[in-house]
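Grab a coffee and open the viewer: here are some exercises to work through at your own pace. Try each task by yourself before you read the solution.

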Amino acid sequence: MSSRDRSGAVDATRTYEVRTYGCQMNVHDSERLSGLLEGAGYVRAPEGSDGDADVVVFNTCAVRENADNKLYGNLGRLAPRKTQRPGMQIAVGGCLAQKDRDTIVKRAPWVDVVFGTHNIGKLPVLLERARVQEEAQVEIAESLEAFPSTLPTRRESAYAAWVSISVGCNNTCTFCIVPALRGKEKDRRPGDILAEIEALVAEGVSEITLLGQNVNAYGSDIGDREAFSKLLRACGGIEGLERVRFTSPHPRDFTDDVIAAMAETPNVMPQLHMPLQSGSDAVLRAMRRSYRQERFLGIIEKVRAAIPHAAISTDIIVGFPGETEEDFEQTLHTVREARFANAFTFQYSKRPGTPAATMDGQIPKEVVQARYERLVALQEEISWDENKKQVGRTLEVMVAEGEGRKDGATRRLSGRAPDNRLVHFTQPDEDVRPGDVVTVEITYAAPHHLLAEGPVSSVRRTRAGDAWQKRNEAPAPTAAGVMLGLPSVGVPAPLPAASAPACGAV
């Protein structure tokens, strides 16, 4: 535990832990929460501390039906630990906090801070206020106070980074509660996005993922229907930026200019995650998805014509209310036609507060389970077939950190191909760091990964690898102390200047 001296400062051993649930936006937010806490003087708890930190933050998700049960179960396990550790604080943020508000403190009165999706920048202030006033602080903003990307950050990776280009969503899908919790879409200015990317590249980042709830709708808030394709092309002009990805787009907004930008911009990777949700027009209509099977397959066909080696992945929900066997067969048909590299498949679960939760025709669990197993079996077969087509290809693989759980035993390393397929490869004799790039020949394919069992053809040491090495050789950070006064929250220190000239305005 930390101690407080007579000047009111907390010593540098005060630690924090952030537990993240849900989507990539939550992962992005958690990096900002960590950055805010470290800027306020906290030190990250060691891996595996499991609730032994002085401050434990839950960044929650409200997508699943049992999300609240999972949260309260975890909070319950921390309650006795908190009574044994005077000064320990617990904070709950994210979508479930935005949704449940005062309910969290009523059900778990030992929680110190509740904050929402729109005001993550207030966390250090709320923690200090809760400590000084000795009562729970609940503050939920109704509109966005600051884009997550403008806040201080502690990125998990030295070589890859998320860049938020928009928040919120203007769609009204009946199974989704995100628009109610994240609000209407709000776009960042293109110049701000590109400035952030240039600054990240100057720090050694070589791969960025553009992030938004409906990423390719970017521009609707600023009145430019081609803003997203222009942004992709502008990323192509940033020297040192090797890989650009984006997630998640919506078929409604996936226009030909975006396909052309992907095909014609060398550092935009040949990878596309395009949520299908269902292959049945009737179910798509009930979901309020503004496309139909023919439109979806037409997009896939155009992408493959423009980018022949593109790997396309998707999301699919099985057992949506009212889904018949014929509807489900239409989903299987679409999967066969689209030939996804992989699919994230979900059994429908009620999201409290969504229209679908009260719809007639809820499907029995055993029927949903049986359909789910049939879909998974089909997709596994397709994924394996598509991966077999990679055998014999020579690929550039960006070395990753922590991707191969068996790498130590097999003397392999792991990384991602340009199309984001996971590749395990033989460890070369020379030193290879995460962020470096190796050239390998694929010799074997499994449904969920590729193997390159022969020797590595070449190793290219990169600035991203240098950044990873510098981070891991640096001494552990120490904090200057958290003062009794409220920490300042606002514009972070200026980002480092980019090494390349600024791109043209989008």
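The exercises below go from the whole chain to helix packing, salt bridges and a sheet, and they concern a predicted model.

**Exercise 1. The whole chain**

Task: Find how many helices and strands the protein chain has, and what percentage of its residues count as buried.

Solution:
- Start with the secondary structure: the protein chain holds 15 helices and 21 strands.
- Next, take burial, for which the cut-off is under 20% relative accessible area. Of the 506 residues, 55% fall into the buried class.
- Finally, look at contacts between residues at least 6 apart in sequence: 75% of these join residues at least 24 apart.

**Exercise 2. Two helices side by side**

Task: Work out how helix 8 and helix 9 are oriented to each other, and list the residues that make their contact.

Solution:
- Locate the two elements: helix 8 covers residues 227–235 and helix 9 covers residues 256–264.
- Their axes lie 8 Å apart and form an angle of about 5°.
- Angles under 35 degrees count as roughly parallel, and helix 8 and helix 9 are therefore roughly parallel to each other.
- From helix 8, the contact uses Phe 228, Ser 229, Leu 232 and Arg 233. Helix 9 contributes Asp 257, Val 258, Ala 260, Ala 261, Met 262 and Glu 264.
- Sorted by character, the contact residues comprise 6 nonpolar, 1 polar and 3 charged.

**Exercise 3. A salt bridge between the helices**

Task: Stay with this helix pair and find which residue forms a salt bridge with Glu 264.

Solution:
- The partner is Arg 233, with the closest N and O atoms 2.9 Å apart.
- Glu 264 belongs to helix 9 and Arg 233 to helix 8, so the salt bridge ties together parts 31 residues apart in sequence.
- Now check accessibility. Glu 264 counts as exposed at 53%, while Arg 233 is partly exposed at 38%.

**Exercise 4. Salt bridges elsewhere**

Task: Count the salt bridges, then place the pairs Lys 122 with Glu 139 and Asp 385 with Arg 339.

Solution:
- A side-chain nitrogen within 4 Å of a carboxyl oxygen is the cut-off, and the count comes to 32 salt bridges.
- Lys 122 and Glu 139 meet at 2.9 Å, N to O. Lys 122 sits in the loop between strand 5 (113–115) and helix 5 (123–133), and Glu 139 in strand 6 (residues 137–139), so parts 17 residues apart in sequence are tied together. Lys 122 is partly exposed, at 27% relative accessible area.
- For Asp 385 and Arg 339, the closest N and O atoms are 3.8 Å apart. Asp 385 is in helix 13 (residues 365–388), and Arg 339 is in the loop between helix 12 (325–338) and strand 14 (342–347), 46 residues apart.
- Asp 385 is partly exposed at 29%, and Arg 339 is partly exposed at 28%.
- One network also turns up: salt bridges with shared partners join Glu 323, Glu 325, Glu 329, Arg 371 and Arg 374.

**Exercise 5. A sheet of 6 strands**

Task: Give the strand order of the open sheet of 6 strands, and name its edge strands.

Solution:
- The order is 2-1-3-4-5-6, with parallel pairing.
- The edges are strand 2 (43–44) and strand 6, each pairing on one side only.
- Zoom in on strand 1 (residues 15–20) and strand 3 (residues 55–60): they pair in the parallel sense over 5 bridges.
- Here Val 18 stands opposite Val 57 of strand 3.

Conventions
Residues numbered from 1 in each chain as written. Predicted model: local features only at pLDDT ≥ 70, side-chain atom pairs only at ≥ 80, totals over all residues. Heavy atoms only, no water. Axes fitted to C-alpha atoms, helices over the stretch in contact; angles between N-to-C directions. Helix = DSSP H or I, 4+ residues; strand = E, 2+ residues; numbered from the N terminus. Parallel < 35°, antiparallel > 145°, perpendicular 65-115°, else oblique. Contact = heavy atoms within 4.5 Å. Nonpolar A, V, L, I, M, F, W, Y, C, P; charged D, E, K, R; others polar. Buried < 20%, exposed > 50% of the residue type's maximum accessible area, 1.4 Å probe, protein only. Pairing = 2+ DSSP bridges.
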